[in-house]
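User: Hi! I have a model open and would like to walk through it with you. Could you help me make sense of a few spots?

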Amino acid sequence: MATALFTHPDAERHITPPGHPEQVARYAAVIGALEDLDLDRREAPRADEADILRCHPQSYLDRIRTAIPDQGWQMLDADTHLSPGSLDAALRGAGGAVAAVDAVLAGQAANAFVAMRPPGHHAERETPMGFCLFGNAAIAAKRALDHHGLDRVAVLDFDVHHGNGTQDLLWDESRAFFASSHQMPLYPGTGAASERGAHGQMMNVPLPPGSDGAAGQAAWRGILARCRDFAPQLVIVSAGFDAHAADPLAQLDWDDGDFAAITRMICDMAADLSAPVASCLEGGYDLAALGRSARAHVHVLLEAGR
């Protein structure tokens with residue numbers, strides 16, 4: 001089996017204002033970096049409404065639909081904008097995450113990477129924020145739990161920003177372990193170690209500005225020891241690459257090799273537990289660093305799937 005790559009050109013139809021860091025060029029940077037890899041390339045479908053509604057209420061989905069402009073931009077907050085193509089892009093991001101889970105659980109792919117935008121891990125139940133509209137990783141986790149009948153799913157987030165949306169959407173979900181490493185202080189201001197979920201099933205590891213890759217890898221060894229005890233049947237990764245030293249939005253000091261090392265640790269743990277891995281692109285705003293880091297991440301997925 002191969003590593004499945006879920007993408008769709010609609011990712012380029014979510015257009016942000018000039019100078020916005022979450023730009024169309026991010027998609028091209030990732031797709032270009034993966035161009036020569038031997039991947040099972042698949043179309044990211046639009047998410048069914050039922051999958052979205054496992055995490056977001058109908059009123060929220062209706063609000064996003066209604067806010068889509070005919071031209072230009074609609075500002076939802078200071079960071080988060082809608083353009084005419086944003087809903088299709090966001091639905092395919094969530095749908096790609098769902099399809100990735102379906103594929104790895106059916107044994108149709110060894111593992112999967114969803115290269116779509118906008119990202120998702122900041123979207124709370126009724127609040128779009130931090131460039132995000134739908135909680136892709138949480139939606140995928142709920143799909144695995146409610147549709148496929150799994151008992152335990154892990155969502156692991158190494159984006160430099162805390163995945164407050166995923167935490168919000170899974171806070172009361174005892175069947176989901178959520179863990180995040182992230183810079184603190186930094187947007188969105190959540191993710192203290194004391195935030196443990198309604199069932200003690202969450203683990204937040206804040207890192208001070210300037211933390212290097214050795215500190216990041218040490219954090220993930222601790223996270224994965226706890227995750228191993230949870231014994232997930234599926235691992236979903238929120239793969240943000242903005243902890244890179246070159247990233248303009250944060251101050252951690254990781255490099256491409258650190259993302260590869262952390263991905264390898266995750267894949268090794270998952271293999272020991274016979275848990276498939278599905279990964280979703282989150283942040284990463286220096287285009288060159290994003291491309292290299294995404295390639296390093298997917299290269300490890302390829303090796304793990306052989």
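User: What is L150 in contact with, leaving aside its neighbours within four places in sequence?

Analyst: This is a predicted model, and in it L150 touches L105, A144, L145, R175, Q233 and L234.

User: And where does L150 lie?

Analyst: L150 is in the loop between α5 and β6, the strand at 153-157.

User: Is L150 buried or exposed?

Analyst: L150 counts as buried, because its relative accessibility is 12% and the cut-off for buried is under 20%.

User: How far apart are L150 and L234, in sequence and in space?

Analyst: They are 84 residues apart in sequence, while their C-alpha atoms are 8.2 Å apart in space.

User: OK, on to the helices. At what angle do α4 and α5 pack?

Analyst: Helix α4 (residues 86-105) and helix α5 (residues 136-147) pack at about 40°, and their axes are 9 Å apart. The crossing of α4 past α5 is right-handed.

User: Which residues make that contact?

Analyst: From α4 you have A90, G93, A94, A97, V98, V101, D102 and L105. From α5 the contact uses N136, I139, A140, R143 and A144. By type, 9 of the contact residues are nonpolar, 2 are polar and 2 are charged. Two names here come back from your opening question: L105 and A144 are also among the contacts of L150.

User: Nice link. Now the sheet: what is the order of its strands?

Analyst: The sheet is open, has 8 strands and runs β2-β1-β5-β10-β9-β6-β7-β8, with parallel pairing.

User: Which strands stand at the edges?

Analyst: Those are β2 (40-43) and β8 (202-207). Each has a single partner strand, so one side of each has no neighbour in the sheet.

User: How much are neighbouring strands turned against each other?

Analyst: On average by 15°, with direction ignored.

User: Let's zoom in on β9. How many bridges join it to β10?

Analyst: There are 5 bridges between β9 (residues 234-239) and β10 (residues 277-281), and the two strands run parallel. Two of the partnerships are I236 with A278 and S238 with C280.

User: What about β6 and β9, how many bridges there?

Analyst: Again parallel, with 5 bridges joining β6 to β9. V155 has I236 as its bridge partner in β9, and I236 is also paired with A278 in β10.

User: Why would you call β9 largely enclosed?

Analyst: Because 6 of its 6 residues are buried. Its two faces are both covered, with L234, I236 and S238 on one side and V235, V237 and A239 on the other. As a general point, side chains in a regular strand alternate between the two faces of the sheet.

User: And how many residues of β10 are buried?

Analyst: In β10, 5 of its 5 residues are buried. V277, S279 and L281 sit on one side, and A278 and C280 on the other.

User: How many bridges pair β5 with β10?

Analyst: Strand β5 (residues 111-114) pairs with β10 over 4 bridges in the parallel sense. There, N111 is opposite V277 of β10.

User: Last one: where does UniProt place a domain?

Analyst: The unreviewed UniProt entry places "domain: Histone deacetylase" at residues 20-301. Over that range the chain is 40% helix and 15% strand, and the C-alpha atoms at the ends are 30 Å apart.

Terms used: Residues numbered from 1 in each chain as written. Predicted model: local features only at pLDDT ≥ 70, side-chain atom pairs only at ≥ 80, totals over all residues. Heavy atoms only, no water. UniProt positions renumbered as here; feature names shortened; annotations may be inferred. Axes fitted to C-alpha atoms, helices over the stretch in contact; angles between N-to-C directions. Left-handed = near helix turned anticlockwise from the far one by under 90°. Contact = heavy atoms within 4.5 Å. Nonpolar A, V, L, I, M, F, W, Y, C, P; charged D, E, K, R; others polar. Buried < 20%, exposed > 50% of the residue type's maximum accessible area, 1.4 Å probe, protein only. Pairing = 2+ DSSP bridges.
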